[in-house]
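Me: Hi! Could you walk me through this one with me asking as we go?

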Amino acid sequence: MSTELEQMDHELHKLQIACAYLFSPIHARDNAFIVSLDRNMIKKAFREKAKLYHPDLHGNETEEMILKRKERFIKIKKSYEYLSQRVHDDRPTDVKQPENKPQKRPVVIAVGGAKGGIGKSLVTANLSVSLSNKGLKTVAVDLDLGGANLHLYLGKTRIKKNINDFFDKKELAISDIMEKTDFGPYLIGGDSGRLGAGNIPFARKLKLLKAIKTIDADCVVIDLGGDTSYNMLDFFLAADQGVVMTTCDPASYLDAYTFIKVALYRKLNRLFGPESDYSGETTGVLKNLIQDMTLPQNGRGVSDMNVFRAKIKQECPSGLGIVNQAISGFFPHIIVNKTNDANAALEPVKRIQQVAKQNLTIDVNHLCNLPFMTDIERSARTLVPWVSTDSNGSFALLLDGLSKTLLSNIIL
């Protein structure tokens, strides 16, 4: 009997260690949480941790830091594999499994930024074509609800159906408003001609977010509007990979940092909302502290996350792990567009990364620089994605590498 108990204790200890690496030490000490684990929870946690620790996403760091991330990622991957196997092995054998496999959820990539005219729609369209060229079923979604024009970048001067048809229940499934383009990806277009199109109610937004994650596709690429409205931030936060666009113009990269900052604030503010992935107990004290720190009555938000954490630790110690996990799971990417000089792009990247690390305590990954090319700009007017015109050119190769990076750590 003692040997059996020792073996059970040993197994529990291994489960706790794996949970500590894949989730957090707080979750590892919660036996109820361990019992409730399922494969979806494990996969999602691995996706989030992979964004933080996979060495391929942190090429700009020192060799020492890359090595530390690699060592951590190896432990995270082993924890993921161990927990996945345990959940699989512990399923009741007398429960009949459905004959059809559950629908695979698409990888959702959001392309956003706090400034218009920096090439978000053009990059979204060409990235969608690039993914489609890899044999991946890709759907481009126009969620710039107040200024929808993604269809033009994919060669369509008009679309038969749009998101409003889904909202108005003229079409019950979001797949019913998808249209095939001539360049590979499918398209879900928007209609900004309706008054208030960009100000959809919260319930409609939740309906849309849930529907997007059920699309039968490998990849969904979302084109966002150039602002920091709650809708744009929530669309950005719902994605598996969030890309923030900027140019070398100081106003543009300051706006890019602002977008990243308010997106993190929004994530914290919605930590206990119905759209959040957090499934733990709602903590009233923590909720009020988050509200006071990120949306204070005087209009001045917290400028340093370390100060914010210290406040949480002092007034609601039990909430510190929740906040830390939310912050650590926020890992935005940036693309510098319309660059004439690679060296010139280093300044905005360096500034965004430094300020984000210092004030927000997060890492911002620099995906790539995209060059300014007259031919690319002209392609927007001819309604033909440049990747389709010059599939082996430098721009196409950059997008190919970009797409590989975005998909490399996603568990499909």
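What follows is a chat about the fold, one helix at a time, then a pocket and some single residues.

Me: Before we start, what kind of model is this, and how are residues numbered?
Reply: This is a predicted model, where local features need pLDDT of at least 70, side-chain atom pairs count only at pLDDT 80 or more, and totals for chains, interfaces and linings use all residues. Residues are numbered from 1 along each chain as its sequence is written, and side-chain values use heavy atoms, with hydrogens and water left out.

Me: Great. How many helices and strands does the chain have?
Reply: The chain has 18 helices and eight strands. These are DSSP runs numbered from the N terminus, with helices being H or I of at least four residues and strands being E of at least two.

Me: And how much of the chain is buried?
Reply: Of its 412 residues, 47% count as buried. Buried means under 20% relative accessible area, exposed means over 50%, and partly exposed is in between, using a 1.4 Å probe and protein chains only.

Me: What about the surface, how much area is exposed?
Reply: The chain exposes about 20500 Å², and carbon and sulfur atoms supply 51% of that. The areas come from the Shrake-Rupley method with a 1.4 Å probe; for residues, only the protein chains shown count as cover.

Me: What share of contacts is long-range in sequence, say 24 or more positions apart?
Reply: Among contacts with a separation of 6 or more, residues 24 or more positions apart account for 75%. A contact here means heavy atoms within 4.5 Å.

Me: Let's zoom in on α13. Which of its residues are buried?
Reply: In α13, residues 305-315, the buried ones are Met305, Phe308, Arg309 and Ile312. They sit on the same side of α13, because they cover an arc of only 95° around the axis. That arc is taken from the directions from the helix axis to the C-beta atoms.

Me: What do they pack against?
Reply: The buried residues of α13 pack against α11 (250-269), α12 (284-294), α14 (320-328) and α15 (342-360).

Me: What happens at the start of α13?
Reply: There, a side-chain oxygen of aspartate 304 reaches to within 2.8 Å of the backbone nitrogen of asparagine 306.

Me: Now α9. Which residues are buried there?
Reply: In α9 (residues 202-212), Lys205, Leu206, Leu208, Leu209, Ala211 and Ile212 are buried. Partners for the buried residues of α9 include the strands β1 (107-112), β2 (138-142) and β5 (219-223), along with helices α8 (163-167), α10 (230-237) and α11.

Me: Switching to pockets: what volume does the second largest one have?
Reply: The second largest pocket has a volume of about 370 Å³. Of the 22 residues lining it, the closest to its centre are Lys49, Leu52, Tyr53, Asn324 and Ser328. A pocket is an open set of points on a 1 Å grid over the protein atoms alone, with protein on both sides within 12 Å along at least five of seven lines, and lining residues have an atom within 4 Å of a point. The volume is the space filled by probe spheres set on the points, which are joined across faces, edges and corners.

Me: Which element gives the most to that lining?
Reply: That would be α14, with five residues.

Me: I'd like to hear about threonine 124. Buried or exposed?
Reply: Threonine 124 counts as buried, at 0% relative accessibility. Its place is in helix α6, residues 120-133. A polar atom of its side chain lies 2.8 Å from the backbone oxygen of lysine 120. Such a polar contact is a pair of N or O atoms within 3.5 Å; within protein, one must be able to donate a hydrogen and the other to accept it, and residues adjacent in sequence count only if both atoms are side-chain atoms.

Me: What else does threonine 124 touch?
Reply: Not counting residues up to four places away in sequence, threonine 124 touches Val111, Leu150, Val221, Ile222 and Asp223.

Me: And isoleucine 376, where is that?
Reply: Isoleucine 376 is in helix α16 (residues 374-382), and at 2% relative accessibility it counts as buried. Leaving aside neighbours within four places in sequence, isoleucine 376 is in contact with Leu122, Pro371, Trp386 and Phe395.

Me: Last one: what is the phi of lysine 338?
Reply: Lysine 338 has a positive phi of about 60°, although it is not a glycine. Most residues other than glycine have a negative phi. Lysine 338 is in strand β7, residues 333-339, and is partly exposed, with a relative accessible area of 28%.

Conventions
1 Å grid on protein atoms, 1.4 Å probe; cavity = no way out; pocket = protein on both sides within 12 Å on 5 of 7 lines; lining within 4 Å.
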